[in-house]
Amino acid sequence: MQVQVSVEGVNDIEKEAELRSLHSWLQSDRHTRRLTAPQLGAVDPPVPGAQGSVIDVLSLVLGSAFNAASLALSLISWRATRPQQPILTVRRPDGTTVEINTGSPEEARALLERLGLE
C-alpha cells in the first residue's frame, strides 16, 4: 500500500525541511528503510518555467510486514525529536486521511489503523 505523509501548519520552507528530516530519519533505520521505500516529492506537478517543485510530501510504499504500529512508532519517534512537533497528515491514494498530532504511539496506531494499515 502507498501512503503520503505531509507536514501541516508550517510554511513551504519549513515543510520541506521537516520532510527531509523525516526522510532521513526513516532512511537511517535499516528495518524501516527496507520495508517502506520512502521518497520525497511534490503533490502538484512542476509549473512550466519554474526552477523546480517544492517538496511537500513524503511517499511511502508499505510492505506487508510494515503495519500501523510500525509506522506509528516511526512517526511518533521522529516527532519527539522536533523542537516544534509538527502535525502530520497521512493520506491514502483514495483520499482517506488521518492527522497525527499526538505523542502517544497507541493513539497514532489507532488513527493509522483507520487507513487500513493493520
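**Exercise 1. A salt bridge across the chain**

Glu-18 forms a salt bridge with Arg-82, and the closest N and O atoms of this pair are 2.7 Å apart. Work out which parts of the chain this pair links, and classify the burial of each partner.

*Solution.* Keep in mind that this is a predicted model.

- Step 1: place the residues. Glu-18 belongs to helix α1, while Arg-82 sits in the loop between α3 and β4. They are 64 residues apart, so the pair links distant parts of the chain.
- Step 2: apply the burial cut-off, under 20% relative accessible area. Glu-18 has 13% relative accessibility and therefore counts as buried.
- Step 3: do the same for its partner. Arg-82 has a relative accessible area of 22%, so it is partly exposed.

**Exercise 2. Salt bridges, one by one**

Find the total number of salt bridges, then describe the one that Arg-20 makes with Glu-16.

*Solution.*

- Step 1: the count comes to 4 salt bridges.
- Step 2: in the Arg-20 and Glu-16 bridge, 3.0 Å separates the closest N and O atoms.
- Step 3: look at the setting. Both residues lie in helix α1, 4 residues apart, which is about one turn of the helix.
- Step 4: check accessibility. Arg-20, at 40%, counts as partly exposed, and Glu-16, at 22%, also counts as partly exposed.
- Step 5: add another member of the set. Arg-92 and Asp-94 meet through their side chains in a salt bridge with an N to O distance of 2.2 Å.

**Exercise 3. A lysine without a bridge**

Is Lys-15 buried or exposed, and which side chain of opposite charge is nearest to it?

*Solution.*

- Step 1: locate Lys-15, which is part of helix α1.
- Step 2: Lys-15 is buried, yet it has no salt bridge.
- Step 3: the nearest side chain of opposite charge is that of Asp-12, 4.6 Å away. A salt bridge here needs the nitrogen within 4 Å of a carboxyl oxygen.
- Step 4: list the surroundings. Setting aside neighbours within four places in sequence, Lys-15 is in contact with Val-7, Val-10 and Asp-56.

**Exercise 4. Mapping the nonpolar core**

Identify the residues that touch the most other members of the largest nonpolar core, and say which element supplies the largest share of this core.

*Solution.*

- Step 1: this core holds 27 residues, and those touching the most other members are Leu-60, Leu-71, Val-90, Ile-100, Leu-112 and Leu-117.
- Step 2: assign the core to elements. At least two residues each come from β1 (2-8), α1 (12-28), β3 (57-61), α3 (68-80), β4 (87-91), β5 (97-100) and α4 (105-113).
- Step 3: α3 gives the largest share, 6 residues.
- Step 4: zoom in on Leu-112. Not counting residues up to four places away in sequence, Leu-112 touches Ala-68, Leu-71, Ala-72, Val-90, Val-98, Ile-100 and Leu-117.
- Step 5: set this beside a general tendency. In soluble globular proteins, nonpolar side chains tend to be buried together.

**Exercise 5. The overall fold**

Write down the order of helices and strands, then decide how the radius of gyration compares with the globule rule.

*Solution.*

- Step 1: the chain has 4 helices and 5 strands.
- Step 2: read along the sequence, they follow the pattern β-α-α-β-β-α-β-β-α.
- Step 3: the radius of gyration is 14 Å, close to the 13 Å that the globule rule gives for 118 residues, so the chain is as compact as a globular protein of that length.
- Step 4: the C-alpha trace spans about 45 × 30 × 30 Å along its principal axes.
- Step 5: turn to burial and contacts. Buried residues make up 38% of the 118 residues. Of the contacts with a separation of 6 or more, 56% join residues 24 or more positions apart.
- Step 6: finish with the surface. The accessible surface comes to about 6,600 Å², and 48% of this belongs to carbon and sulfur atoms.

**Exercise 6. A backbone angle to check**

What is the phi value of Ala-37, and where does this residue sit?

*Solution.*

- Step 1: phi of Ala-37 is near 50 degrees, a positive value in a residue other than glycine.
- Step 2: Ala-37 is in the loop between α2 (30-36) and β2 (39-41).
- Step 3: with 37% relative accessibility, Ala-37 counts as partly exposed.

Key. Residues numbered from 1 in each chain as written. Predicted model: local features only at pLDDT ≥ 70, side-chain atom pairs only at ≥ 80, totals over all residues. Heavy atoms only, no water. Core = buried A, V, L, I, M, F, W, Y, C linked by side-chain atoms within 4.5 Å. Buried < 20%, exposed > 50% of the residue type's maximum accessible area, 1.4 Å probe, protein only. Contact = heavy atoms within 4.5 Å. Lys, Arg positive; Asp, Glu negative; His and termini not counted. Rg over C-alpha atoms; globule rule 2.2 N^0.38 Å. Areas by Shrake-Rupley, 256 points an atom, 1.4 Å probe, with all protein chains shown as cover.
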